[in-house]
Amino acid sequence: MIKNIRVSGFSRRPAIALELGDSNDHEYGVKIAFKTPSGQLPKTDLLIVLSAEGKKPKLPSGVSVPPNALKSFGGESRETRFADAVEGPAARVLLIGLGKGKKIDPDTVRRAAAIAVQKAEKTDAASATFWIDLALGKQAAELGQALGEGIVMGAYRLTDFKSDPKTESLKKVSIHAVTDFNRGAKIGEMTGGGNALSRRLQDTPANKMRPKDMVAEARKIARLSPRISVKAIDEKGMAKLKMGSLLSVSQGSAEPAYLIHLVYKPAKKAKRRICLVGKGLTFDSGGISIKPSARMDEMKYDMSGGAAVLGTFHSLAALNPDVEVHGLVPTSENLLNGEAVKPGDVVTACNGLTIEVLNTDAEGRLILADALAYAEETIKPDAMIDLATLTGAVVVALGHELTGVMGNDQALIDALVASGEETSEAVWPLPIVDFHKKDMKGEVGDLRNISSPGTGAGSSTAGAFLSNFVGEIPWAHLDIAGTAWGASDRDYQGGPKGTGVGVRLLLDYLRKQ
Ligand code: BES
Ligand code: MN
Ligand code: ZN
């Protein structure tokens with residue numbers, strides 16, 4: 001259990017709350033200590049030294065390795081070199097390259113940290129020590145954050161469903177670095193923890209991560225901090241609020257739907273109120289417009305937007321930004337039985353708009369519609385951002401490395417693109433134009449939930465549909481269908497798994513408010 005982590009070497013600053021509840025511990029099993037690099041290196045199983053290309057690696061005093069280990073090491077990005085025969089307090093030394101260039105690339109540090117943690121596990125190390133002796137300049141905090149994130153994200157593993165999980169060897173990580181770097185690393189531990197939580201929810205099979213489990217996870221997060229509160233509106237409550245669109249999707253499922261509403265209030269009075277909305281479809285079979293069976297299992301990831309919102313809240317209390325944050329997660333299951341919504345059915349959203357459900361597989365927009373309209377009506381935020389695994393079309397357009405962004409406010413879109421660059425969670429703008437909006441007008445009802453045949457631009461028409469539910473509020477929609485899972489290998493994430501995309505992005509955006 002990580003509680004009241006002591007940070008030696010620098011005084012506590014109120015900007016970073018250093019107390020942390022229990023649940024982070026569940027997301028990654030390592031305990032991180034922060035030290036300034038003065039005096040002697042304490043005993044450690046693995047000493048990790050990061051070194052730029054073309055520079056001689058600098059080892060702590062009292063540690064020496066065979067000269068060949070250093071000579072054969074060039075310092076290229078992601079290059080690694082083990083030295084076993086070591087004199088001094090370290091049992092082993094691992095050199096990791098950071099590449100060349102005037103500035104050090106944060107994503108290279110993030111990857112180096114993840115590589116280090118994985119190598120530590122492979123060599124059964126129980127303790128590992130990062131020795132950061134680099135010319136950091138103004139990059140210290142940024143690179144520290146990247147290192148903290150890389151450690152936590154690199155250590156993430158889902159073993160909940162193995163009958164005999166391999167026990168992880170690595171228990172303790174120490175970081176020896178200057179104060180600014182350590183402060184950044186502490187933040188990185190928090191943001192990485194939110195990412196890991198999000199990935200656990202994503203990777204958990206749909207029979208173990210049902211709408212009611214999403215609610216339970218939200219309640220656990222609220223218990224971490226007195227500044228976070230939560231309520232879950234059940235189907236009765238939704239009916240009272242006339243959320244006919246949200247309710248229609250779970251009609252064919254035995255699992256009841258919920259609308260989770262989390263609120264984070266900062267210690268100081270906030271200048272801005274931001275609302276995050278995440279699609280929390282715990283399984284998407286397509287409904288009566290059923291999906292093909294090949295790879296249907298991947299639709300357990302259809303709650304990734306909701307997972308991103310919960311992961312963000314997990315980190316919020318610890319980071320304590322001066323902004324009020326609301327998190328809405330409509331969560332339900334899109335299945336089919338005799339009561340399921342049918343193609344052609346008309347449903348009514350809580351803002352009064354009627355929708356022809358021409359395809360029951362375009363269900364994400366149906367649950368977001370009521371959540372967005374509810375936010376607009378009752379929360380009245382200064383800005384609202386939704387995240388959703390909304391369209392297969394965005395995977396065709398942008399693949400698994402870029403999130404599509406669209407909306408009604410250029411400044412908000414620009415801010416998200418900037419946060420995407422900052423965090424290596426890249427975000428790319430897509431259009432919503434009047435043509436897309438017109439195409440979503442209904443024949444029988446006000447709107448239709450899919451565009452007319454042959455229109456194409458499936459991500460834009462989906463965004464155009466959503467634009468009917470946000471009123472005048474500055475709004476951005478992030479289509480994470482590609483980036484939420486199955487991304488390319490980056491050492492700290494990648495492969496046929498969830499990425500936790502959105503958590504680090506949103507935290508960066510929120511911390512700049
Ligand atoms: N959850 C899917 C989108 C999706 C597809 C996510 C692939 C991840 C990977 C969404 O509910 C959906 O089924 N969208 C349809 C919309 C169509 C019926 C207009 C799609 O993209 O095919
Ligand atoms: Mn669908
Ligand atoms: Zn879906």
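Modeller: A salt bridge is taken here as a side-chain nitrogen of Lys or Arg within 4 Å of a carboxyl oxygen of Asp or Glu. The model is predicted, so local features need pLDDT of at least 70, side-chain atom pairs count only at pLDDT 80 or more, and totals for chains, interfaces and linings use all residues. Residues are numbered from 1 along each chain as its sequence is written, and side-chain values use heavy atoms, with hydrogens and water left out.

Colleague: Why is the contact of lysine 342 with aspartate 345 called a salt bridge?

Modeller: The closest N and O atoms of lysine 342 and aspartate 345 are 3.4 Å apart; the criterion asks for a distance within 4 Å, so the pair qualifies.

Colleague: What makes lysine 342 partly exposed?

Modeller: Its relative accessibility is 46%. Buried means under 20% relative accessible area, exposed over 50%, and partly exposed in between (1.4 Å probe, protein chains only), so lysine 342 falls in the middle class. Aspartate 361, at 23%, is also partly exposed.

Colleague: Why does the pair of aspartate 361 and lysine 291 count as a salt bridge?

Modeller: Their closest N and O atoms are 2.9 Å apart, so the cut-off is met. The two residues lie 70 residues apart in the chain, and both are in loops.

Colleague: What makes aspartate 107 and arginine 110 a salt bridge?

Modeller: The N to O distance is 2.6 Å, and the pair therefore satisfies the definition. Aspartate 107 and arginine 110 are both buried. Both also belong to a network of salt bridges with Glu149, Glu425 and Arg504. The whole structure holds 26 salt bridges.

How values were computed. Chains lettered and ligands numbered in written order. Helix = DSSP H or I, 4+ residues; strand = E, 2+ residues; numbered from the N terminus.
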